Amino acid sequence: MLKQIEGSQGVAQAVGLCRPDVICAYPISPQTHIVEALGNLCRKGVLPNSEYINVESEFAAMSVALGASAAGGRAYTATASQGLLYMAEAVYNCSGLGLPVVMTVANRAIGAPINIWNDHSDSQSQRDSGWIQLFCETNQDAVDLHIQAFRIAEETSLPVMVCMDGFVLTHAFERMDIPEQEQVDAFLPPFQPRQVLDPKDPYSIGAMVGPEAFTEVRYMTHRRMKEATASIERASKDYEAIIGRKAGGLLSTYRMEDAEVCIFALGSLLGTIKDTVDDLREQGLKIGVVGLISYRPFPYEAVRDVLKTVRTVVVIDRMLSPSQGGVVCLDVMSALRGLAVEQKSVIAGLGGRSVTKAALSKVFTEAYEGTLADETILDLDEELVERQMAREAAAHHIGPVAEALNRHVAERKLEAGEEI
C-alpha cells in the first residue's frame, strides 16, 4: 500500500509486519521515532503478540534482545551513534552466540565533539563485530531491507544491522510502498530458532571457551558471514517474486554499461551522486555508479566483477579512520587486487556536512581527466585547520580543539564583518 509517511514510521510498520516477539526500546536521536511508532502499534493492539520493553540504557536494549532471541523469540531493537558504542559488548556477544537479532542503526556521527548529524562512523566502527550490515539508499530500501533482514538473520543465525542515514532518511517524508501482511507472511516464515533455552532440555548458551576451541568458534562466525552473501541474494530474489519489486541484494548499479569511471558509495548520498553523474553524462563523460548494499559481508567477488572493466574507481566514505582514511576504500582495494583499476579515495559528509552537486561534479570531472589526488577530503577548510595547528605550535594550553575551532570560525566571521 502506498503511503506518504516519515521514514521512521515506514520502518516501524515494516518491522511490525515481521511479527517480532520482543521489541526493546531506548530512545536516542535519530532513531527515536522508530521505537515510538512501534510502541504505539503495541499500545493500540496492532501488534498483540509483541512484548514492548522499555529499558534503562542501550546496553540493556541489546542485552534484552539477546536474551529474548536465546529464549526463542524474534527480537528487534534500534540505536544510533553513542548508543551503539554503549551496547558494543552485547553487540559482540550477540553475534558470537549466533543469535539472529535485527537492529536498525540510524547512522549518526560519534563524539567527541558532540554531533547529532549523519555520517557512517557509528555502524562502521562495529564492522568487525560479526553482524551483517545492510545500507539503505532510500526509505523504500529501508522498508524492504528490514523485512529481508529478519529472514537473512534467521537463515544464517547471524544478527543484522539495517543502516539508514539519520535525519536524511529517518525524518524525511516520502512515498513508500508498505507490503501487505499476507505478502510478508509468505516471504518470512515463522521463527524456528536453531538454539533455544528450554527448561525441559537445559544447556548453557555463552559458556566459556578456552584456547583449544576459541579459534574454531571465531572461524565459524567468519565462515557463516562469508556464506551469508548467498542468503542475501536469495532473499532479494524471493522478495521480488512475492512483493513485485527488486530490492536488496549485494550491490546496485547505475549507468555502468559503458562507464570508464565508477563512483562507489553507500547510503542516501547515492541520490545526489546519481544526479551529478546524469549531468556529467550530458557533457559526454562516461561515468557510472555502484551502490554498496551489503557492507558486511563485503561482496568481494561481485565488486571485482562489476569494476573490472573501468579504468578508475572513486570510493566515497562517510567515515574517517584516523591515520588510515576511508575504510570502505580498503575493502575495494582488496577486491581489485591484481586488476589495472586506478583507485581514488574521497571522504565526504562527516558530521552531516552537506555534500553538494557542485563539489561532487568537480571531483568526478577531475577523476575522469586523471587529475584527482589519491586522497581527497571534500570541502575541507584547510585555512581553519592551519589556524589551529599554528595555535597549537605556539602555545601549550590551548583548551579543547573543538571549542577552539568554533572560536576560529567566529573570529573569521568577525573579520569579514559577518554576524555570528
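**Exercises on a predicted model**

By the distance rule used here, the count in this predicted model comes to 24 salt bridges.

**Exercise 1.** Determine which parts of the chain the salt bridge of D165 and R318 links, and whether each residue is buried or exposed.

Solution.
- Step 1: the two side chains meet at 4.0 Å, N to O.
- Step 2: D165 belongs to strand β7 (residues 160-165), whereas R318 sits in the loop between β13 and α12; 153 residues separate them, and the pair links distant parts of the chain.
- Step 3: buried means under 20% relative accessible area. D165, at 0%, therefore counts as buried. R318 has a relative accessible area of 8% and is buried too.

**Exercise 2.** Treat the pair D177 and R245 in the manner of Exercise 1.

Solution.
- Step 1: the salt bridge has an N to O distance of 2.9 Å.
- Step 2: D177 lies in strand β8 (residues 173-177) and R245 in the loop between α9 (211-243) and β9, so parts 68 residues apart in sequence are tied together.
- Step 3: D177 has 26% relative accessibility and counts as partly exposed, while R245, at 17%, counts as buried.

**Exercise 3.** Place the salt bridge of E383 and R412 in the chain, and name the network that includes these residues.

Solution.
- Step 1: the closest N and O atoms of E383 and R412 are 2.5 Å apart.
- Step 2: E383 is in helix α14 (residues 382-394) and R412 in helix α15 (residues 401-415), 29 residues apart.
- Step 3: E383 is partly exposed at 36%, and R412 is partly exposed at 27%.
- Step 4: through shared partners, salt bridges join D381, E383, R387, E411, R412 and E415 into one network.

**Exercise 4.** Give the strand order of the open six-stranded sheet, identify its edges, and state which strands α10 and α12 touch or lie across.

Solution.
- Step 1: the order is β9-β11-β10-β13-β14-β15, with mixed pairing.
- Step 2: β9 (251-254) and β15 (375-377) each have a single partner strand, so one side of each lacks a neighbour in the sheet.
- Step 3: from one strand to the next, the twist averages 20°.
- Step 4: β14 (residues 342-347) and β15 run parallel, joined by three bridges; S345 stands opposite E375 in β15.
- Step 5: helix α10 (residues 269-282) packs on the sheet and touches β9, β10, β11 and β13. Helix α12 lies across β10, β11, β13 and β14, at about 150° to β13.

**Exercise 5.** Classify the crossing of α11 and α12.

Solution.
- Step 1: the axes of α11 (residues 300-307) and α12 (residues 327-335) come within 8 Å and cross at roughly 75°.
- Step 2: the two helices are therefore roughly perpendicular.
- Step 3: Y300, V303, R304 and L307 in α11 meet D331, V332, S334 and A335 in α12. These contact residues divide into five nonpolar, one polar and two charged.

Note on methods: Residues numbered from 1 in each chain as written. Predicted model: local features only at pLDDT ≥ 70, side-chain atom pairs only at ≥ 80, totals over all residues. Heavy atoms only, no water. Axes fitted to C-alpha atoms, helices over the stretch in contact; angles between N-to-C directions. Helix = DSSP H or I, 4+ residues; strand = E, 2+ residues; numbered from the N terminus. Parallel < 35°, antiparallel > 145°, perpendicular 65-115°, else oblique. Contact = heavy atoms within 4.5 Å. Nonpolar A, V, L, I, M, F, W, Y, C, P; charged D, E, K, R; others polar. Pairing = 2+ DSSP bridges. Buried < 20%, exposed > 50% of the residue type's maximum accessible area, 1.4 Å probe, protein only.
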